[in-house]
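Here is a friendly walk through the side-chain contacts of one protein model. Please keep the structure open beside you as you read.

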Amino acid sequence: DLTGADLSFSTLTRADLTGALLSNTNFIDADLSGADLSYAILTDANLTDARLTNARLTYSNLNYSNLSDAKLTGADLTDAKLENINLTGANLTYITT
């Protein structure tokens with residue numbers, strides 16, 4: 001359970017965070033490229049400037065999260081919960097929904 005953790009500026013490339021509890025976690029400028037966040041709970045998470053290139057976010061809950069300026073190129077968001085998220089300036093090139 002990493003609820004409320006500060007993982008800003010962390011390098012978590014290809015990390016397996018399947019089903020992780022990550023509500024209110026800070027991932028500011030973190031590198032989550034290729035990470036598996038399937039079924040993860042990321043409500044109210046701060047992913048500002050995070051790199052999520054080719055990340056797997058299937059069935060994850062991102063409600064109320066901040067993804068401003070996040071790099072989501074090639075990310076898989078199939079069946080993810082995306083209510084009230086901030087995507088201002090985010091790169092959504094080639095995402096799957």
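The report below covers the nonpolar core, the salt bridges, an aromatic pair and a threonine. Please bear in mind that this is a predicted model.

**The nonpolar core**

Let us begin inside. The largest nonpolar core holds 27 residues. Those that touch the most other members are Phe27, Leu37, Leu42, Leu47, Leu52 and Leu72. In soluble globular proteins, nonpolar side chains tend to be buried together.

Leucine 52 is a good residue to select in your viewer. Setting aside neighbours within four places in sequence, leucine 52 is in contact with a list of residues that includes the leucines Leu32, Leu37, Leu47, Leu67 and Leu72. Ser33, Lys71, Thr73 and Ala75 complete that list for leucine 52.

**Salt bridges**

Next come the charged side chains. Searching the whole structure turns up four salt bridges. The table gives three pairs with their N to O distances.

| Basic residue | Acidic residue | N to O distance |
|---|---|---|
| Arginine 51 | Aspartate 29 | 3.0 Å |
| Arginine 56 | Aspartate 36 | 4.0 Å |
| Lysine 71 | Aspartate 49 | 3.7 Å |

Arginine 51 also belongs to a network of salt bridges that links Asp29, Asp31 and Arg51. How buried or exposed are the partners in these pairs? Arginine 51 counts as partly exposed because its relative accessibility is 30%, and aspartate 29 is partly exposed too, at 28%. Arginine 56 has a relative accessible area of 43%, so this residue is partly exposed. In the remaining pair of the table, aspartate 49 is partly exposed at 28%, and lysine 71 is partly exposed at 32%. Lysine 71 links back to the core section, as this residue is among the contacts of leucine 52.

**An aromatic pair**

How many aromatic pairs does the count come to? The count comes to one. The pair is formed by tyrosine 39 and tyrosine 59, with ring centres 5.0 Å apart; their planes meet at 5°, so the two rings are stacked. Tyrosine 59 has 44% relative accessibility and therefore counts as partly exposed.

**Threonine 43**

Finally, is threonine 43 buried or exposed? Threonine 43 counts as buried, because its relative accessibility of 17% falls under the 20% cut-off. Its side chain makes a polar contact of 2.7 Å with the side chain of serine 23. Not counting residues up to four places away in sequence, threonine 43 touches Ser23, Asn24, Asn61, Asn63 and Ser65.

Terms used:
Residues are numbered from 1 along each chain as its sequence is written. This is a predicted model: local features need pLDDT of at least 70, side-chain atom pairs count only at pLDDT 80 or more; totals for chains, interfaces and linings use all residues. Side-chain values use heavy atoms; hydrogens and water are left out. Buried means under 20% relative accessible area, exposed over 50%, partly exposed in between (1.4 Å probe, protein chains only). A polar contact is a pair of N or O atoms within 3.5 Å; within protein, one must be able to donate a hydrogen and the other to accept it, and residues adjacent in sequence count only if both atoms are side-chain atoms. Contact means heavy atoms within 4.5 Å. A nonpolar core is a set of buried Ala, Val, Leu, Ile, Met, Phe, Trp, Tyr and Cys residues joined through side-chain atoms within 4.5 Å. Rings of Phe, Tyr and Trp (its six-membered ring) pair if their centres lie within 6.5 Å; planes under 30 degrees apart count as stacked, over 60 as edge-to-face and the rest as tilted.
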